[in-house]
2 protein chains.
Amino acid sequence: MKKTSILNKLRSSGLRPTKQRVEIAKLLFNRDKTFHFTVESLGKHLAKKTTTKFALATIYNTVHAFKKAGHLSEVHLRGKNNTTYFDTNISNHHHFYDSETSELIDINDNEIKFDKIPKAPNGKTIKNLEVIINLKN
Amino acid sequence: MKKTSILNKLRSSGLRPTKQRVEIAKLLFNRDKTFHFTVESLGKHLAKKTTTKFALATIYNTVHAFKKAGHLSEVHLRGKNNTTYFDTNISNHHHFYDSETSELIDINDNEIKFDKIPKAPNGKTIKNLEVIINLKN
DNA sequence: GACTTACTTTAGAACTATTATAAACTTTAA
DNA sequence: TTAAAGTTTATAATAGTTCTAAAGTAAGTC
């Protein structure tokens with residue numbers, strides 16, 4: 001992903017390109033594979049890969065702005081340590097979850113097919129459907 | 001559900017039948033339909049229906065003991081307020097989730113059928129599969 | 001480039017769900 | 001009835017997250 005693209009991500013999220021935000025965006029979006037992270041793990045990656053200082057609040061704010069703009073999705077899963085997982089894969093998809101390692105693995109939408117799905121209850125509509133496949137060793 | 005059954009639930013969870021625990025067990029297990037709750041909501045129900053006092057820790061301990069004994073299940077979902085949901089339905093099943101009302105609704109196992117499921121990654125086995133269908137109005 | 005305004009970062013306080021602690025109280029079984 | 005073991009309780013501790021307000025930075029204007 002190009003520098004312009006990083007700037008676009010920031011602009012389209014309503015964020016000025018500060019040093020911290022550019023580093024976060026680079027770490028999140030300059031990659032080929034899906035990236036699953038928590039705010040804490042993202043902070044550790046940033047500390048390792050850059051010399052910039054990041055307050056926790058900055059990471060929270062930036063991640064939430066990206067999420068709001070649709071550049072990140074939140075995984076609707078209650079992990080072991082009760083942390084929130086984010087995913088750079090914003091397409092419709094599912095997850096394997098290994099509770100022993102707290103690791104998430106993407107499952108492509110086309111790897112799961114349904115034969116039967118219940119109708120939404122009275123007056124409600126289905127917004128989306130998430131599958132979590134829990135793993136063990 | 002009979003009184004003996006309540007006592008059995010307690011005994012099989014390794015719990016002595018104290019006043020608090022009997023009230024909690026009655027509220028949870030003396031019912032026909034599935035009951036979804038958080039520790040907080042359970043506390044409110046107890047306050048409304050009984051004259052007994054319940055420390056939060058007592059509710060947590062009792063609910064966890066029931067869960068450990070297999071009389072309750074925990075819903076692996078990150079709700080809006082980041083609370084843990086418990087379910088008196090311990091059979092294999094799925095859920096509708098309405099994030100506007102934070103309400104869970106059971107979906108019977110036989111209401112969802114799969115045509116295709118991915119294999120577990122390298123060296124792992126599938127423990128179980130949970131479907132959350134998110135609702136909107 | 002200097003200035004002004006609006007936006008950002010930051011450290012630390014505040015908040016919320018949950019778990020731990022230790023003293024007072026209850027159940028159990030002899 | 002009594003001693004031992006288990007339980008409740010209020011409160012402190014913990015962990016993830018959000019809030020706050022002061023100091024710092026970006027962006028547009030002159």
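Select Tyr60(A) and DNA strand D: a polar side-chain atom of Tyr60(A) lies 2.8 Å from a phosphate oxygen of the strand. Here a polar contact denotes a pair of N or O atoms within 3.5 Å; within protein, one must be able to donate a hydrogen and the other to accept it, and residues adjacent in sequence count only if both atoms are side-chain atoms. The model is predicted, so that local features need pLDDT of at least 70 and side-chain atom pairs count only at pLDDT 80 or more, while totals for chains, interfaces and linings use all residues. Residues are numbered from 1 along each chain as its sequence is written, chains are lettered from A and ligands numbered from 1 in the order in which they are written, and side-chain values use heavy atoms, with hydrogens and water left out.

**DNA strand D**

Keep DNA strand D selected and add Lys53(B), of which a backbone N or O atom lies 2.7 Å from a phosphate oxygen of the strand. Next, display Arg16(A): a polar atom of its side chain is placed 3.5 Å from a base nitrogen of DNA strand D.

Now extend the selection to every residue near the strand, that is, with a heavy atom within 4 Å of it. This yields 21 residues around DNA strand D, and the closest are His64(A), Thr84(A), Thr18(B), Arg21(B) and Lys53(B). Of the strand's atoms within 4 Å of the protein, 80% belong to sugar or phosphate, and the rest to bases.

Colour this surface by class, taking Ala, Val, Leu, Ile, Met, Phe, Trp, Tyr, Cys and Pro as nonpolar, Asp, Glu, Lys and Arg as charged, and the others, Gly among them, as polar. The surface near DNA strand D then shows eight nonpolar, eight polar and five charged residues.

For secondary structure, helices (H or I, at least four residues) and strands (E, at least two) are DSSP runs numbered from the N terminus. Which element gives the largest share of the surface near DNA strand D? Helix 4 of chain A does, with four residues. At least two residues each are supplied by helix 4 of chain A and by helix 2 and helix 4 of chain B.

**DNA strand C**

Move to DNA strand C, which has 22 residues around it; Thr18(A), Lys53(A), Tyr60(B), His64(B) and Thr84(B) come nearest. Sugar and phosphate make up 79% of the atoms of DNA strand C that come within 4 Å of the protein.

Three residues of chain A are worth displaying here:

- Arg16(A): a backbone N or O atom lies 3.2 Å from a phosphate oxygen of DNA strand C.
- Gln20(A): a polar side-chain atom is 2.9 Å from a phosphate oxygen of DNA strand C.
- Arg21(A): an N or O atom in the side chain is 2.9 Å from a sugar or linking oxygen of DNA strand C.

Two or more residues of this surface come from each of helix 2 (19–29) and helix 4 (56–68) of chain A, and helix 4 (56–68) of chain B. Helix 4 of chain B gives the largest share, four residues. By class, the surface near DNA strand C divides into eight nonpolar, nine polar and five charged residues.

**Helix 2 and helix 4 of chain B**

Select helix 2 (residues 19–29) and helix 4 of chain B, which pack at an angle of about 55 degrees with their axes 10 Å apart. Axes are lines fitted to C-alpha atoms, for helices over the stretch in contact, and angles run from 0 to 180 degrees between N-to-C directions. The two helices of chain B are therefore oblique to each other, where angles under 35 degrees count as roughly parallel, over 145 as roughly antiparallel, 65 to 115 as roughly perpendicular and the rest as oblique.

Show the side chains at the contact (heavy atoms within 4.5 Å). Helix 2 of chain B contributes Gln20(B), Arg21(B), Ile24(B), Ala25(B), Leu28(B) and Phe29(B), and helix 4 of chain B contributes Thr58(B), Ile59(B), Thr62(B) and Phe66(B). This contact has six nonpolar, three polar and one charged residues.

**Helix 2 and helix 3 of chain A**

In chain A, select helix 2 and helix 3 (residues 39–49), which pack at about 105 degrees with axes 11 Å apart. That makes helix 2 of chain A roughly perpendicular to helix 3 of chain A. Glu23(A), Ile24(A), Leu27(A) and Leu28(A) of helix 2 meet Leu42(A), His45(A), Leu46(A) and Lys49(A) of helix 3.

**Glu100(A)**

Finally, centre on Glu100(A), in the loop between strand 4 (93–98) and strand 5 (103–108) of chain A. Its side chain and that of Asn137(A) are joined by a polar contact of 3.1 Å.
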